[in-house]
Structure formats: structure tokens, C-alpha cells
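Here is a friendly walk through the model on your screen. Keep the viewer open and turn the structure as you read.

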Amino acid sequence: MHLLEVKNLHVEVDGKKILNGLELSVGSGSVHALMGPNGSGKSTLAHVLAGKDDYVVTQGEVLLDGEDILALPPEERAAKGLFLAFQYPFEIPGVATMTFLRTALNEVAGRLGIEQEMLRRGVNVGFSGGEKKRNEILQMALLQPRLCVLDETDSGLDIDALKTVADGVNALRSPERAFIVITHYQRLLNYIVPDVVHVLSRGRIVKTGDKQLALDLEATGYAQYQEEMA
Ligand code: ADP
Ligand code: MG
């Protein structure tokens with residue numbers, strides 16, 4: 001059984017059809033890259049997986065470990081091991097747990113180059129773009145999720161921050177965990193090498209291949225998959 005199965009997914013926002021019969025299967029232990037032109041529906045898929053309001057599923061199923069999660073609220077999806085970078089609300093359950101967490105926290109924060117002073121600030125308050133993203137990887141490392149969805153984690157990162165984020169993700173790769181790495185550019189995939197690459201266009205996956213597909217796209221651009229201009 002696949003960790004994630006998206007079957008014939010149709011999604012509308014404000015009455016506008018955005019996902020159009022999307023099919024995607026992600027096995028445990030694998031890293032899938034989701035690429036595609038702007039406006040093709042990549043973030044919409046991430047939001048629907050996370051359970052964000054305003055996205056209306058008109059048809060289809062999203063199965064996590066064989067269980068349809070579409071009826072579940074976002075926090076129950078998170079409890080089942082779904083993690084969307086940028087959106088996870090961080091809870092602090094109790095003092096004893098905190099002592100335990102702090103040990104892990106200090107270790108992982110140190111590895112990611114996150115200062116103690118940053119940990120004491122409000123979540124993401126006054127953080128630079130790169131600091132916010134390292135903070136996301138820190139949360140992901142501590143929560144040990146089963147399926148991690150990273151939506152354009154690379155946007156706005158310089159090369160050093162990009163490598164730090166990629167190292168954080170690579171350290172979390174394991175047979176029990178899968179990743180969907182959403183990116184417009186091939187660059188991130190030099191550091192997070194995907195097992196499978198998909199191209200999304202007009203709300204459905206139009207091509208699937210291995211990491212070579214991402215390299216080909218870098219050379220050819222998205223012209224052959226481009227959205228029609230309105
Ligand atoms: P991508 O992440 O691939 O660039 P998105 O999923 O953000 O694409 O957007 C796909 C399409 O859905 C775009 O045409 C966008 O304008 C539209 N869209 C996304 N979110 C909303 C929203 N909340 N309200 C209206 N339209 C939206
Ligand atoms: Mg997007």
C-alpha cells in the first residue's frame with residue numbers, strides 16, 4: 001500500500017476549477033518532486049492535503065495509509081503524520097515533555113545553525129526569510145512526520161541557506177517517511193535528489209519521470225506545459 005494515494009482529485013476555489021483529476025501515489029521512503037509552471041495548481045494540492053479552508057473537493061479521494069483524510073480537520077491529519085512546511089501550528093504540551101524536547105531541540109537547532117536567541121523569539125517574528133525556512137526544517141525534524149510536503153521552500157533562499165535546508169531534509173530521509181518537494185526550479189533538486197519527478201499543468205500531472213526529467217525541464221523550460229494566457 002502506498003503511504004499517500006491521491007485519486008481523481010478535483011478541486012475548486014471560489015467556483016473556479018483548479019485541480020482536474022489529479023492522480024499521485026507516493027510510497028514510503030521516497031522523495032517526489034512536483035514541478036510545473038506558475039498557476040498549475042502545486043500550492044493548491046499542498047493546501048488540500050493540509051486541509052486548508054476554501055478549497056472545495058468536488059470529486060476524488062486522498063488516502064493516507066489507506067484511510068481517506070479529506071473529512072479530517074488539519075490537526076488530525078498532522079497527528080497522522082502529515083506535515084506541511086510553513087503551516088504547522090507548534091504546540092508545547094508540558095514541562096516534562098519540554099525537557100525531553102529541549103534536548104532534541106538544542107541538538108537539531110545547533111546542527112541547523114539556529115541560535116538560542118532565535119528560539120526564544122515569537123514563532124517567525126523578526127526572522128529573515130532564510131531563518132523562517134530553517135525554523136520549518138527544525139519543526140519538521142522534531143515532529144518526525146510520515147509525509148512532509150515542502151511548498152517552494154527554496155524560494156528566496158541564497159545558496160548557503162538552500163544547502164542548509166537540503167541537508168536538514170536529507171537527514172530526515174528514511175524508509176518510514178516520504179517527501180513531496182514542490183518547486184518551480186531544478187536547483188533545489190541538485191541537493192534534494194528526488195526518486196520521482198512529476199510535472200503538473202492545468203491541475204493534473206502530465207508527465208512523470210526520474211531526476212533527469214527535472215534537468216530536461218531546466219533546459220527546455222515549461223513552454224510545452226505552459227498555461228494558456230487569459
Ligand atoms: P502554483 O502553486 O502551481 O503556482 P496555485 O495552486 O497557487 O499554483 O494556483 C493555481 C490556480 O488557482 C491559479 O490560477 C490561482 O490564481 C488559483 N488560486 C489559488 N488559490 C486561490 C484562491 N485562494 N482564490 C482564488 N484563486 C486561487
Ligand atoms: Mg505555489
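## A loop residue to start from

Asp54 sits in the loop that links H1 to S4. The structure is a predicted model, so everything below describes that prediction. Is Asp54 buried or exposed? Asp54 has 8 C-beta neighbours inside 10 Å, and therefore counts as exposed; the cut-off for that class is 12 or fewer.

Try picking Val13 next. Asp54 and Val13 are 41 residues apart along the chain, yet their C-alpha atoms are separated by 6.3 Å. Just before this loop, there is also a backbone detail to look at: Gly51 follows H1 and has a positive phi, near 90 degrees.

## The hairpin and its sheet

Strand S1 covers residues 4-13 and pairs with S2 in the antiparallel sense, with eight bridges between them. Together S1 and S2 make a hairpin with two residues between the strands. One residue of the turn, Asp14, has a positive phi of about 50 degrees. You can follow the ladder away from the turn: Glu12 has Lys17 of S2 as its bridge partner, Val11 is opposite Leu19 in S2, and Leu9 is partnered by Leu22 of S2.

S1 also pairs with S4, again in the antiparallel sense, through seven bridges. Here Glu12 turns up once more, standing opposite Val56 in S4. The hairpin is thus part of an open, antiparallel sheet of four strands, ordered S2-S1-S4-S5. Which strands lie at the edges? They are S2 and strand S5 (67-68), each of which pairs on one side only.

## The helix on the sheet

H1 packs on this sheet and touches S1, S2 and strand S4 (56-64). The direction of H1 makes about 70 degrees with the direction of S2.

How many residues of H1 are buried? Seven of its nine residues are, which leaves the helix mostly covered. The buried residues in H1 are Lys42, Thr44, Leu45, Ala46, His47, Val48 and Leu49. As a general reminder, an α-helix has 3.6 residues a turn, so residues three or four places apart point the same way.

## Around ligand 1

Now centre the view on ligand 1. The ligand is surrounded by 13 residues, and the closest are Gly39, Ser40, Lys42, Ser43 and Thr44. Lys42 and Thr44 will be familiar, as both are among the buried residues of H1.

Two elements, strand S2 (16-26) and helix H1 (42-50), each give at least two residues to the shell. H1 contributes the largest share, three residues. What classes of residue make up the shell around ligand 1? The count is two nonpolar, seven polar and four charged residues.

## The six-stranded sheet

The chain has another sheet to look at, an open one of six strands in the order S6-S7-S8-S3-S9-S10, with mixed pairing. At its edges are strand S6 (82-84) and strand S10 (204-209), each pairing on one side only. From one strand to the next, the twist averages 20 degrees.

Inside this sheet, S7 (residues 147-151) and S8 (residues 178-182) run parallel and are joined by five bridges. Leu150 is a useful residue to select here, as it stands opposite Val181 in S8.

## The chain as a whole

Zooming out, the secondary structure of the chain amounts to seven helices and 10 strands. The radius of gyration is 18 Å, close to the 17 Å that the globule rule gives for 230 residues, so the chain is as compact as a globular protein of that length. The C-alpha trace spans about 50 × 40 × 35 Å along its principal axes.

Of the 230 residues, 35% count as buried. Where contacts link residues at least 6 apart in sequence, 72% of them join residues at least 24 apart.

Key:
Residues numbered from 1 in each chain as written. Chains lettered and ligands numbered in written order. Predicted model: local features only at pLDDT ≥ 70, side-chain atom pairs only at ≥ 80, totals over all residues. Pairing = 2+ DSSP bridges. Axes fitted to C-alpha atoms, helices over the stretch in contact; angles between N-to-C directions. Near = placed C-beta within 6 Å. Nonpolar A, V, L, I, M, F, W, Y, C, P; charged D, E, K, R; others polar. Rg over C-alpha atoms; globule rule 2.2 N^0.38 Å. Buried ≥ 20, exposed ≤ 12 C-beta atoms within 10 Å, placed from the backbone. Contact = placed C-beta atoms within 7 Å.
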